Every structure is written in structure tokens, then in C-alpha cells.
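Please look over the sequence and the model shown here before reading the notes, which are grouped by topic.

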Protein chains: 2
Amino acid sequence: MAFMSTDNLKKITMADVAREAGVSTMTVSRALNKANVVSAATLSKIQKAVDDLGYVLDQSAGSLSSRKTGFVAAIIPSINNSNFSETAHGITKELEKNGLQLLLGYTDYMQEREEELVESLLRRRPEGIIVTGGYHTDKTRRMLHAAAIPVVEMWDLPKQPIQHVVGFSNSRAIEKLVEHLYKEGYRSFCYLGGDDADDTRGQDRLHGYQNQLKKYGLNHERVVEIGQTPLSYEDGSRGIKIALEKWPQTDVIVCVSDLMAFGALVECQRSGWNVPRDIAIAGFGDYELSRNCYPEITTINVDCFGIGSQAAQIICQQIQSHSESEFSNKIIKQPIHILPREST
Amino acid sequence: MAFMSTDNLKKITMADVAREAGVSTMTVSRALNKANVVSAATLSKIQKAVDDLGYVLDQSAGSLSSRKTGFVAAIIPSINNSNFSETAHGITKELEKNGLQLLLGYTDYMQEREEELVESLLRRRPEGIIVTGGYHTDKTRRMLHAAAIPVVEMWDLPKQPIQHVVGFSNSRAIEKLVEHLYKEGYRSFCYLGGDDADDTRGQDRLHGYQNQLKKYGLNHERVVEIGQTPLSYEDGSRGIKIALEKWPQTDVIVCVSDLMAFGALVECQRSGWNVPRDIAIAGFGDYELSRNCYPEITTINVDCFGIGSQAAQIICQQIQSHSESEFSNKIIKQPIHILPREST
DNA sequence: CTGTTAGCGCATTCAG
DNA sequence: CTGAATGCGCTAACAG
């Protein structure tokens, strides 16, 4: 590639393009915004000018004028090795179709960070916002309300939804899993989860576990709480050792996530315990991993990608039909599927 | 929570806050931008007005005026279950410290999407941009140059860097791995990779593999190319079956990624082949998984998080010391570590 | 189909 | 430490 000159460093504006093409800036604006309201002749003149000058539209100026930023904000706990990355993918895909750009914020599982993230994202004037879970501070709720934009809560079924919801009941999911395992004949249960009070979805899952066992009159107190979110393999490995030392009669271990379940499974392989003969293991989340390990892990499937794309769809609809629609709040309950596999 | 009234739906601007606090908008602006140049008395008046009105600063207007958007753009292939999510995390963390917001774009491993992504991100007037790899179309290069902002290429060592680089040689990494395996005594190699010509880093890895084997005068033609990026477990499982059918004498399989390696490992477990006794397996990327499975997978470590945070650091430095610095391009070569583990 | 006028909501710059 | 005037680069609204 030839040496690139450092000349045209001064910013090129729409006015430059207009002058070059011999039209007004308004015509350039129309041409560039794909409004098919410009004659073919002028369009090509403008195209040429744009190419010659290397002009790129300045949306930050445009959105000030049009009061449409084209941003949608989303807040998720983490993007690493978690179900939420699938959700982020789903959101992005859907927004892309509508020409919207995602502004992503991570809390790193620190609930208290949500408030500041919401504020800093709101400064960008997104046209909609997606948040994870149903637990928010009062100030957060106030800010979201004042923003007067579509809000979607996802990954849970909040008791007091802000507006729209795309989620499922984490406790109900585990109840169904326990029910399934009970029917399979398991009676001596143990639970592996995190020790993080902030992880509200984790807490909900534990409650679901305990509720269901109480219904059966079974011992629901064999619970190992170990590790901070994001929980991972090591926590599962450490957890199962503790569990089986304390309660060697356990025949099935329910894990708060597939990652923990896999860690537990690997620990069994190392220790020469046969899964599921000696001990059965179940997880949560239907990670790609859990259907691609040996033995495959019994788990609960939730449509992570679908949660994201549906949440984004709601935002897009609300933006287009700019109805105030206080009365059309959508509560979308995602289906949950128990996937019995080799590990139980 | 009490019923929320739908009244103050009209946008609240800085002028409203100024009126409420009995000062000029300029003073409000200074107070809110943390410039400690406002008297304590007026500051608290402004704070009160902001709280009462629920005002949130409008950065999209501010950045037009100040010519600083506070955005940094980054383009990565994918965020799902890949090393790049760690890199995105590293970028975000570093930008956060500097009060910058990441604008993320995914190519989904489609090289041709980079061009349109660059253009749409540049419309947002980011103050810097980070791209993955060193292969870009001419138009992309032109746009990046014309943008006159800091550019970092990462995850590779381009022959013709645009500006700054944070990366490593993918081919050199595999050469080192093959060298290690050779010293361990392996002589009958096989390679498992994708069949995607677009995956330039994958191609580089294959070349490294073949180069090193040529040096040893060993057969370098046992290559199974299967699956599109992002390669995953299934590709590894299918690949190792094909490989061992064709070349049963193979004693070590080198995989383009840990995910494929794990898929291959699981296939061995299912088929009752002992790893590493019957067949050894090595991967690439040092995924958390590969040190938490059984047997642990020999792999190549690259500091994914560090690549991201260093790339972001360079951007931040360049933004602050707004030097044109055509001559201070940083080429940061990341270290590569071979991690011998149980699978070889 | 195209141009003109006005202004989006802030921060820069210069005065006080 | 505070205020007034001005304009960032673009698009809405209207007129032709």
C-alpha cells in the first residue's frame, strides 16, 4: 500500500460533501439516510463526493437533531463463559436487523453496580433498556421510569415488573428438576450452590430445591454453599468433595449451574467414582459443554439466545409503535425443559 | 412501591436544572462534569435540583459540543464461548477506569462483515478503535486512516500494521507446541482444524504446524479440516474419528483450539481409548475448561484478558497524550506459554 | 424532488 | 468562581 498522506486530518462534514456535489446539506442527509427520495442523478453525484472525500456520517450529531440515538442499552452480570453471552448475542442479532447499536454494561455479579451502570448508560440516551433480573434499587427504578423509554427485565419473573418481562421462574425450574429426579427414584438429595447472597437467581434456585423436597418430606438440608458468582468448575470439584464427605449416602447432587456440575463430574472421574452409578449429577443451563462431555449431564434447558432476541424484539416494537402503552406490558414466560441425560 | 405518575414525560434539560438551582447552565455543566471549580454552596444547590428533577446528563449533546464522545470501538469475531470474551472483558475493564464506553461489534467470523462494522462504528465517532487480526480490506484501511484516531490490531502480528499492535504469532505458537511434543518423543502427528479459509488465525496455526514438522522431516500431511468457525466440541469429536480411521498409527493430535481438543478427548472416553496412553491430545488457548477436565489438556496459553486490557491501555494513552505520534507506534508482542499437562 | 431556516442540548471561549 | 454568547454537525419542518 502506498504511503498515506497525513493531510486531510481536518474533519470532513456534510457541508463539504454538499459543496463537492453541488447540492444542499439536506439533500446529502436524505441521500445518506437511505430515504429513497433523492433523484438517481443527484444520488450518484453525492455518492461520488462521499467516496472522494472519504466522508462518514456523524451519527452523534444526527441523533441530537433527530432525538433518536439508535442505541439500546443492556445490563448483564457477565459475558465470560456464561449463559448471558448467548443472551447478549441474541440481543445484538435482533438489534442489528433494526439498525440499532447495543450498549452493553456488566455488573460482574455485583448487584450494587447496576445503579451506576444504569445512570451512565442513560446518559447516552438509549431508546430502550434491558436489565437482568427483577431486583433493583429504588433509585434505579426511579431512573428507569424517568427515562420514559421501553424497559425489559429478563431472566426472571419479577413480582413487580417495571414494564416488560422475558424470563422464567428459576425456583420453578429446579422444582421440576427435583420432581423428575424423584420420579426416577432418587431419594437422597444434595445441593451445590454459591455462597453469594447477591446472586438472587441462585437463591431462587435453592428455594425451589428446598420447596420441592419438603413436598416429598425428604431431607432438604444437605446444601453446600461454596464460591462466589460466577461459579465455575473448581467450585463444583471442591463442593462435591465436601458434600460426599459429609453425606456419603447421597445418591444425587443438584448443582446451581452446569459449570459446577461439570466440575463435580470431573472430580468423580479423578476419584474413580462412577457417574451415575455411584453418584448422579444434574446441572442447570444446558451449556454446550454438558451435552458434549462424558457422561452427558442431565440439566435444565432455557433458551438463552431466545431470551435476548425476544427482549430486543419487544424494545424494537415499542420504539416503532411509539405508543405510551402503559397497558400493553408484555410478560413473556419462557419455557423450561428438563433434559434427562447420562449423568442421572 | 406507590403508583408512578406519568406526568413529567417531557425531557428535562440542563436549563431546567439551572433555573431550579438559580444558576446558569454553564455552572450546572461544570458541576456535573466533576470539575471542582464550583463553590460548595452552589454545588449542593445544583445537586438538590438534579435529584428533585431526576435529571440525567445528556452525553450525546455534550459530546457534539466537546468533540469527545467517550466511545471506543472494538471488533471481535464472536463473544460466545471463545477466548475473545476474555479479551472483551479486558477492554471493558480498562476503558471503565478512564470513563470510556465500549462499542462492540461482532463479525461472527465473517471477514467480510468487518468493513461494514467499521463504517457503522465510525459513525459513532469513537475516540479509538480496536480490531482483531491483521487482514483488512483496502476500504477498511482507508476508513481507519481517515478517521484519524488511534487504531490497535490485536491477536496477531500483522506484517503491515496500521498503527499499534498487541498480539502474538499464531504460527510460532504452534511451532513451539510441536517442538515440545517432539522433545517428549512424539513422532506421528496429526492436525485437527477448521475448513474455513476466512479464519486467518486458524490458517496461520496450520502453517506453523506444518513448518515445524518439515523441519523434523516428519509427515505433515495428516490434516483433518472439519467445521466452520467457531469450531467446537462436535467438530473435535467428528474430527478425531476421521483422523484415527485414516491414520491409526497417529500418536498425538494437535487441535486448533481447546474446544476441539476437548471434543476429541470426550470421543476417546466414549470409545474406551486411553488418553494419553493410546493417543495424546493437545489444544490451543488455555480455556478454563482444559485445566479442569480429566485428563487435563496440554495447551498453549495466551493472555486473552491481557491482550484486551493492553490494547485498551494504548488507546487511552493515545487519547490523553493527543500526540499525532506517527512515529510512536507500539508493537506489543504477547508471551506464549506451552502448558504440558496430562493429555500428552 | 430539493432548498431554507431553525434548533437539538450541551461545552468552549471569553469576559467579568 | 460564574455568566453570556456562540456553535458543534446534523435533521425536522416547512416551503417551493
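A:Glu127 is buried (under 20% relative accessible area, 1.4 Å probe, protein chains only), yet A:Glu127 has no salt bridge, and A:Lys68, the nearest side chain of opposite charge, is 4.3 Å away. A salt bridge here is a side-chain nitrogen of Lys or Arg within 4 Å of a carboxyl oxygen of Asp or Glu. This is a predicted model in which local features need pLDDT of at least 70 and side-chain atom pairs count only at pLDDT 80 or more, while totals for chains, interfaces and linings use all residues. Side-chain values use heavy atoms, with hydrogens and water left out.

**Surroundings of A:Glu127**
- The side chain of A:Glu127 reaches the backbone nitrogen of A:Gly70 at 2.5 Å.
- Beyond its neighbours within four places in sequence, A:Glu127 is in contact (heavy atoms within 4.5 Å) with residues including A:Thr69, A:Phe71, A:Leu100 and A:Ile319.

**Nonpolar cores**
- The largest nonpolar core, meaning buried Ala, Val, Leu, Ile, Met, Phe, Trp, Tyr and Cys residues joined through side-chain atoms within 4.5 Å, has 153 residues, and A:Phe262 and B:Phe262 are among those with the most contacts inside it.
- A second, separate core of 31 residues includes A:Val56, A:Ile75, A:Val131 and B:Leu103.

**DNA strand D**
- Among the 24 residues around DNA strand D (a heavy atom within 4 Å), those that come nearest are A:Met14, A:Ser29, A:Tyr55, B:Thr27 and B:Arg30.
- Sugar and phosphate make up 63% of the atoms of DNA strand D that come within 4 Å of the protein.
- A backbone N or O atom of A:Ala61 lies 3.3 Å from a base nitrogen of DNA strand D, whereas a polar side-chain atom of B:Thr42 lies 3.2 Å from a phosphate oxygen.

Terms used. Residues numbered from 1 in each chain as written. Chains lettered and ligands numbered in written order. Buried < 20%, exposed > 50% of the residue type's maximum accessible area, 1.4 Å probe, protein only. Lys, Arg positive; Asp, Glu negative; His and termini not counted. Polar contact = N/O pair within 3.5 Å; in protein donor to acceptor, adjacent residues only side chain to side chain.
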